[in-house]
Amino acid sequence: LGLLYQEYRDKSTRQEIETRRLQDSQTDPEETSPSEETPSEAEPTSTTESKAPPQISLLRNSNSRFNLWQDLPEIRSSGVLSILQPDEIKLQEAMFELVTSEASYYKSLNLLVSHFMENERLKKILHQSEAHILFSNVLDVMAVSERFLLDLEQRVEENIVISDVCDIVYQHTVNHFSVYITYVSNQTYQERAYKQLLQDKPAFREVISQLELDPKCKGLSFSSFLILPFQRITRLKLLVQNILKKVEEKSDRETTALDAHKELETVVKACNEGVRKMSRTEQMISIQKKLEFKIKSVPIISHSRWLLKQGELQQMNGPKTSRTLRTKKLFREIYLFLFNDLLVICRQIPGDKYQVFDSAPRGLLRVEELEDQGQSLANVFILRLLENADDREASYMLKASSQSEMKRWMISLAPNRRTKFVSFTSRLVDCPQIQCVHPYVAQQPDELSLELADVLNILDKTDDGWIFGERLHDQERGWFPSSMGEEILNPKIRAQNLKECFRVHKSDDSQRRKLGSRNRQ
């Protein structure tokens with residue numbers, strides 16, 4: 001039956017990790033052979049299946065499995081491999097992966113619809129409104145994927161050497177991919193509805209469990225099918241980036257790839273904003289209800305405001321110059337809510353409430369680390385409010401529970417300060433890099449979720465196992481455990497990664513062409 005998209009994506013990213021490991025261990029990045037450059041895996045789909053996905057003619061041999069474009073019998077027998085340059089072969093592999101991965105993705109979407117959504121038992125259990133929230137506009141998404149795949153298939157059939165695919169990506173992104181924004185924006189409602197149905201309807205839970213056990217699902221969960229569109233639109237952008245890195249510079253194919261990437265980036269950002277919008281609004285309403293102002297009240301809820309970090313710190317009592325700490329009573333617990341444009345300083349009071357006693361615009365915050373002050377002042381830093389709620393300057397000596405927590409607060413409070421490895425105002429020439437080998441889901445607003453094979457610049461790190469990084473493909477920043485990745489040690493590979501990143505984003509404005517010049521939190 002071939003690979004479902006979840007399997008395909010996992011195999012592809014893990015192969016990408018292994019390829020980068022091999023490159024990192026070599027002296028010259030160019031030593032990697034073309035067959036190791038860009039993995040693809042696709043298998044034929046049975047023509048007898050109901051609603052069978054559109055098939056690429058090159059993959060119709062049901063007795064074969066193909067990993068690479070150059071392994072196809074048609075390619076090997078044509079003699080074209082002896083004519084094409086190695087760089088062109090790598091480009092063909094990158095374009096071929098985009099096509100075959102779309103076929104695998106469509107296959108998984110088809111299973112989500114035919115096996116789950118159209119299941120008669122499930123239809124009887126779910127109210128129409130519940131089904132709508134759970135499956136959203138997945139039929140529209142599948143129809144868009146089918147049209148997209150058919151156009152890609154037609155291009156592949158035109159010539160065994162693929163001319164281009166990014167022009168097709170561009171046209172479909174501009175004209176059809178808005179369905180992804182609708183689907184992904186529903187994700188928060190979808191997750192909540194799914195959890196509620198599992199909890200409130202035993203019959204729903206039973207049917208879903210039985211459907212998941214079907215061999216068609218390959219041991220994959222129902223929720224892994226629901227999240228497919230978001231994963232695909234993000235991955236599609238990375239596949240276009242991979243093509244862009246391999247096309248000849250200043251060529252028509254580079255222009256087309258840049259155009260396709262720009263449009264995909266717009267769709268991905270709209271998807272991300274759609275997901276965040278509802279959760280942020282609900283979060284702000286919840287925080288507003290918990291705050292009681294000892295000072296002049298500040299309106300918390302705003303469409304342009306969101307939470308960056310919250311948590312407890314210890315404030316040192318007395319003036320800043322007091323360094324004699326006989327007991328821990330010299331520290332008093334305070335609670336901070338840091339938004340993208342505002343800091344609110346509170347003390348927790350009974351009833352899960354917080355009394356606000358000071359505040360300041362985020363742009364008027366400065367931080368200073370206390371170094372070599374002995375164990376009693378470990379993880380202590382100075383927070384200065386250049387203009388607080390009383391329109392005057394104020395300073396707080398604050399103690400965090402660990403080094404990582406201290407650094408996380410300092411970077412969140414003053415994001416443009418210099419970090420351990422790089423100044424935020426300078427272009428990154430050669431700072432440490434890491435590739436993700438274990439996926440990570442962010443647990444706090446200042447953390448960064450990671451996907452397998454993500455490559456990041458290391459901007460800062462702590463002794464207790466945390467890294468502050470900037471992902472190369474989208475310049476998103478955040479903290480994550482160092483155990484999630486492996487450092488890239490080869491300076492040539494690091495330089496190559498940066499060069500490719502600058503090239504991908506060269507059509508962006510001058511601010512974004514400078515990695516690290518803009519706060520992404």
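In which handedness of crossing does α6 pass α7? The legends below concern a predicted model, and the opening view gives the answer.

**Figure 1. Packing of helix α6 against helix α7 in the predicted model.** Helix α6 spans residues 138-158 and helix α7 spans residues 166-175. Their axes lie 10 Å apart and pack at an angle of about 160 degrees. Because angles over 145 degrees count as roughly antiparallel, α6 is described as roughly antiparallel to α7. The crossing in which α6 passes α7 is right-handed. On the α6 side, the contact is made by Arg-147, Phe-148, Asp-151, Leu-152 and Arg-155. Asp-167, Ile-168, Val-169 and His-172 make the contact on the α7 side. By class, the residues of this contact comprise four nonpolar, one polar and four charged.

**Figure 2. Crossing of helix α1 and helix α12.** Helix α1 is formed by residues 5-25 and helix α12 by residues 228-244. The two axes come within 11 Å and cross at roughly 35 degrees. This crossing of α1 and α12 is left-handed. Tyr-5, Gln-6, Arg-9, Ser-12, Thr-13 and Glu-16 are the residues of α1 that meet α12. Their partners in α12 are Leu-228, Gln-231, Arg-232 and Arg-235. The contact of α1 with α12 is divided into two nonpolar, four polar and four charged residues.

**Figure 3. Surroundings of Glu-16 in helix α1.** Glu-16 belongs to helix α1 and is among the residues that meet α12. With a relative accessible area of 24%, Glu-16 is partly exposed. The C-alpha atoms of Glu-16 and Asp-454 are separated by 9.7 Å, although these positions lie 438 residues apart in terms of separation along the chain. Across the chain, residues 24 or more positions apart account for 67% of the contacts with a separation of 6 or more.

**Figure 4. The aromatic pair Phe-116 and Phe-225.** A search of the whole structure finds 14 aromatic pairs. In the pair of Phe-116 and Phe-225, the ring centres are 5.6 Å apart and the planes stand at 45 degrees, so the pair is tilted. Phe-116 lies in helix α3 (residues 86-117) and Phe-225 in helix α11 (residues 222-226), so that distant parts of the chain, 109 residues apart, are linked. Phe-116 is buried, at 0% relative accessibility. Phe-225 is likewise buried, with a relative accessible area of 0%. Both residues belong to one aromatic cluster, which also contains Phe-135, Tyr-194, Phe-204 and Phe-222.

**Figure 5. The aromatic pair Tyr-335 and Tyr-354.** The ring centres of Tyr-335 and Tyr-354 are 4.5 Å apart, and their planes lie at 40 degrees, so this pair is also tilted. Tyr-335 is in strand β3 (residues 331-339), whereas Tyr-354 is in strand β5 (residues 353-361), and 19 residues separate the two along the chain. Tyr-335 counts as buried at 11% relative accessibility. Tyr-354 is buried as well, with a relative accessible area of 6%.

**Figure 6. Two loop residues with positive phi, Ser-136 and Gln-475.** Most residues other than glycine have a negative phi. Ser-136, by contrast, has a positive phi, near 50 degrees. Ser-136 is located in the loop between α5 (128-135) and α6 and is buried, with a relative accessible area of 17%. Gln-475 also has a positive phi, near 60 degrees. The loop that holds Gln-475 runs between β11 (466-471) and β12 (477-481). At 2% relative accessibility, Gln-475 is buried.

**Figure 7. Enclosure of helix α14.** Helix α14 comprises residues 403-413. Ten of its eleven residues are buried, so α14 is largely enclosed by the rest of the structure. The buried residues of α14 are Ser-404, Glu-405, Met-406, Lys-407, Arg-408, Trp-409, Met-410, Ile-411, Ser-412 and Leu-413. For the chain as a whole, buried residues make up 52% of the 521 residues. The secondary structure of the chain comes to 16 helices and 13 strands.

Terms used: Residues numbered from 1 in each chain as written. Predicted model: local features only at pLDDT ≥ 70, side-chain atom pairs only at ≥ 80, totals over all residues. Heavy atoms only, no water. Axes fitted to C-alpha atoms, helices over the stretch in contact; angles between N-to-C directions. Helix = DSSP H or I, 4+ residues; strand = E, 2+ residues; numbered from the N terminus. Parallel < 35°, antiparallel > 145°, perpendicular 65-115°, else oblique. Left-handed = near helix turned anticlockwise from the far one by under 90°. Contact = heavy atoms within 4.5 Å. Nonpolar A, V, L, I, M, F, W, Y, C, P; charged D, E, K, R; others polar. Phe/Tyr/Trp six-rings, centres within 6.5 Å; stacked < 30°, edge-to-face > 60°. Buried < 20%, exposed > 50% of the residue type's maximum accessible area, 1.4 Å probe, protein only.
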